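Let's walk through this model together, from one loop residue outwards to the cavity, the cores and a pocket. Please keep the sequence and the 3D view open as you read.

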Amino acid sequence: MLSIRAFCNSGLSAVPIIFNQPTRNTFILRRRWPPPLHKKGGKPSKLRGRHFVYDLVEDTNVGKKPDIKIILNQFVEGVGETGDVLTLSPGNAYKNFLVPGLAVYANEQNVEKYKVDETKPKVDSNYSSPHVQRTMSCLSRLVLQITMSKQEPWTLEPWHVRTSFRKAGYVVPENAIIMPPIEIKGPDLSLQDKEFYVIVKINNTEEVKVRCRIHHWATGLDKLPWEEFHWKKVKEPLIPEQAEELDKIPLV
């Protein structure tokens with residue numbers, strides 16, 4: 001406990017104010033030269049200056065903290081169900097689960113409250129990794145705008161789609177993108193804002209359909225007008241065979 005004493009002068013009086021700043025630092029020290037022993041009932045031996053020289057054994061502020069157990073109090077996508085026990089580092093548990101209110105400490109009261117049974121076997125996930133379900137959910141709600149030239153000839157290729165994903169904040173390698181069954185060429189304003197889907201393969205296992213739309217880009221007078229909230233509007237399918245599947249993809 002660190003105490004700082006300050007005086008505030010008001011007229012002729014001085015009012016002492018004490019500020020207490022608690023700290024959680026613990027330093028484990030060891031005397032470099034142990035003090036001499038003394039006989040029972042005798043006078044204590046006089047300590048010399050060397051007896052107050054210490055070596056640092058451990059600074060708990062920089063040491064690795066042991067993992068702690070927490071209990072999920074609700075379903076967390078990609079993590080677990082209510083009542084599942086997680087063993088995490090204190091920083092991870094506090095920041096990502098305890099503070100947002102997704103979990104509680106695994107003390108006796110909470111173990112009884114959530115009826116935790118750690119001997120119960122865990123149900124294996126059907127997904128290839130813990131975050132696949134969340135990734136698929138995000139991609140399925142995405143309306144990917146693929147910007148192509150209004151003036152130069154082009155043929156839609158996987159690298160165009162990969163670049164559009166990157167602009168939208170997703171890193172998707174080309175070998176994970178399955179293109180539509182037809183070749184899409186332009187510039188062709190009849191393709192403007194018509195939609196189709198590509199398939200993204202995750203971990204070479206799961207597949208998710210992503211809604212895409214072509215947008216012709218140009219500068220100056222050739223620039224097409226901006227349509228506000230275009231991603232919320234229903235558009236005509238570019239490939240009639242994909243219309244039924246596009247209807248199943250959520251449009252946010």
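Our starting point is D193, which sits in the loop between strand 11 (185-186) and strand 12; helices (H or I, at least four residues) and strands (E, at least two) are DSSP runs, numbered from the N terminus. Before going further, note that this is a predicted model, where local features need pLDDT of at least 70 and side-chain atom pairs count only at pLDDT 80 or more, while totals for chains, interfaces and linings use all residues. Residues are numbered from 1 along each chain as its sequence is written, and side-chain values use heavy atoms, with hydrogens and water left out.

Is D193 buried or exposed? D193 has a relative accessible area of 16%, so it counts as buried (under 20% relative accessible area, with exposed over 50% and partly exposed in between; 1.4 Å probe, protein chains only). Setting aside neighbours within four places in sequence, D193 is in contact (heavy atoms within 4.5 Å) with R213, I214, E227 and K235.

D193 also helps to line the largest cavity, together with V143, L144, Q145, R213, I214, H215 and H230. On a 1 Å grid over the protein atoms alone, a cavity is a set of points where a 1.4 Å probe fits but cannot get out, and lining residues have an atom within 4 Å of a point. The structure holds one cavity of 30 Å³ or more, and the space in the largest cavity is about 30 Å³; grid points are joined across faces, edges and corners, and a volume is the space filled by probe spheres set on the points. Strand 8 and strand 13 are the elements that give two or more residues to this lining. By class, the lining has three nonpolar residues (Ala, Val, Leu, Ile, Met, Phe, Trp, Tyr, Cys and Pro), two charged (Asp, Glu, Lys and Arg) and three polar (the others, Gly among them).

Strands 8 and 13 turn up again in the largest nonpolar core, alongside helix 3 (132-140), helix 4 (158-167) and strand 12 (195-202), as elements that give two or more residues to it. A nonpolar core is a set of buried Ala, Val, Leu, Ile, Met, Phe, Trp, Tyr and Cys residues joined through side-chain atoms within 4.5 Å. This one has 26 residues, and I146, F165 and F196 have the most contacts inside it. In soluble globular proteins, nonpolar side chains tend to be buried together. Beyond its neighbours within four places in sequence, F196 is in contact with residues including I146, L156, V210, I214 and L246. Another core, of nine residues, lies apart from the largest one, with V76, L88, F97 and A103 among its members.

Strand 12 also leads us to the second largest pocket, giving the most to its lining, with three residues. A pocket is an open set of grid points with protein on both sides within 12 Å along at least five of seven lines. The second largest pocket has a volume of about 170 Å³, and its lining includes T135, L139, Y170, V200 and I202. Eight nonpolar, three polar and one charged residue make up that lining.

Finally, look at E236, in the loop between strand 13 and helix 5 (243-248). Its C-alpha atom is separated by 5.2 Å from that of K194, 42 residues apart along the chain.
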